[in-house]
Amino acid sequence: MRLGVAGDKPRFRSLTGQVSQIHLAFTTWNTGLGRPGFMDRLFTEHGPIPMLTLHTKNHDGREAITPRGIARGVGDRYLVQISEAASRFGKEAYIRPLAEMNGHWNYYCAYNSSGSYRGDSHSTRNFRRAFRRIYFIMKGGTRADINARLANIGLPPLRVYHDIPENPLARVFWNPQGFGSPDLAKNSANSYYPGDRYVDVVGNDLYDQHFKAEWAANLTLFRSHPSKPYAIGEWGLWGIDDPAFVRDMANFVKGHPRVEAIVYYKSLRGGLFDLGSKPKSLAAYKRYIVPLG
């Protein structure tokens, strides 16, 4: 079982003793596009196993591309850059596209917080189509083969005109929340599921807020994809010190062998989620979580 962290990895090790295998990174759309070496450094600096999260906002926080735009190939050049950097990295890496897609705070969610619909450009159908396109690009292959796969699912051909190195070590991680916000049936996690053929790992983000974590929703998501490895892409304590949550996470991992990774959010001195300010949870982390790795 793999343990990971977002933020300051050396500091987290000094606090907990954890040797993190996974280092979670976040990007904005078109990060490093056209800047030689930028994406390569992103992979190497977040080793030994990077978990690269792709978002559709640009560097100033505005929406850069819609799910429909991704599905139609508008973002191909950027996605190919990531795939090629992952191939050059040459080791296992998680690609985590458009995480928490059923959360209204993300541009690629289909619904606003009020429950109002954002329109076809942000529909769950177009999200699924976008995710499938991302999957094919991340896995690589000849341009002809990728175009044939895209055509088979009704998507236009690549907008780049060269082959993409095959990338068997890239693992594409579909990572919703256990329940939607807004919590509507049409905004459920599985409304955004692209299908087993286009996902390597399924997972959830789970936070302890007000001494309450949504374990039931987490278990429902886990059970709904029995053929897939499972991961917790983010988990943390939302400004509270609650060792019971840490113990419960360890028990969930031990009781569910398909769980292959959990990634703590976040190691940042003075931050809301920092274990350095949560002595009881820090002690529980050392006792229950670190031995899992």
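**Exercises on helix packing and the largest pocket**

Helix 1 and helix 9 are roughly perpendicular to each other, because their axes cross at roughly 85°. The model examined in these exercises is predicted.

**Exercise 1.** Determine which residues form the contact of helix 1 with helix 9, and classify them.

*Solution.* Begin with the geometry: the axes of helix 1 (residues 9-16) and helix 9 come within 10 Å. Next, identify the partners. Helix 1 contributes Phe12, Leu15 and Thr16, which meet Leu282, Tyr285 and Lys286 in helix 9. Finally, sort this contact by class: four residues are nonpolar, one is polar and one is charged.

**Exercise 2.** Establish how helix 8 is oriented relative to helix 9, and describe their contact.

*Solution.* First, take the angle and the distance. Helix 8 (residues 243-255) packs against helix 9 (residues 279-289) at about 15°, and their axes are 8 Å apart. Angles under 35 degrees count as roughly parallel, so helix 8 is roughly parallel to helix 9. Second, consider the handedness: the crossing of helix 8 with helix 9 is right-handed. Third, list the residues. From helix 8 come Pro243, Val246, Arg247, Met249 and Ala250, while helix 9 supplies Lys280, Ser281, Ala284, Tyr285, Tyr288 and Ile289. Fourth, the classes in this contact of helix 8 with helix 9 are eight nonpolar, one polar and two charged.

**Exercise 3.** Carry out the analysis for helix 7 and helix 8.

*Solution.* The angle between helix 7 (residues 215-223) and helix 8 is about 15°, and their axes lie 13 Å apart. Helix 7 is therefore roughly parallel to helix 8. The crossing of these two helices is right-handed. On the side of helix 7, the contact involves Trp215, Asn218, Leu219 and Phe222; on the side of helix 8, it involves Phe245, Asp248, Met249 and Phe252. The contact of helix 7 with helix 8 comprises six nonpolar residues, one polar and one charged. Met249 of helix 8 takes part here and also in the contact with helix 9.

**Exercise 4.** Characterise the largest pocket by its volume, its lining and the classes of its lining residues.

*Solution.* Start with the volume, which is about 680 Å³ for the largest pocket. Then turn to the lining, made up of 29 residues; Glu100, Trp105, Gln177, Tyr207 and Glu234 lie nearest the centre of the pocket. Strand 6 (residues 201-208) provides the largest share of this lining, with four residues. To conclude, divide the lining by class: 11 residues are nonpolar, 11 are polar and seven are charged.

Conventions:
Residues numbered from 1 in each chain as written. Predicted model: local features only at pLDDT ≥ 70, side-chain atom pairs only at ≥ 80, totals over all residues. Heavy atoms only, no water. 1 Å grid on protein atoms, 1.4 Å probe; cavity = no way out; pocket = protein on both sides within 12 Å on 5 of 7 lines; lining within 4 Å. Points joined across faces, edges and corners; volume = space filled by probe spheres on them. Nonpolar A, V, L, I, M, F, W, Y, C, P; charged D, E, K, R; others polar. Axes fitted to C-alpha atoms, helices over the stretch in contact; angles between N-to-C directions. Parallel < 35°, antiparallel > 145°, perpendicular 65-115°, else oblique. Left-handed = near helix turned anticlockwise from the far one by under 90°. Contact = heavy atoms within 4.5 Å.
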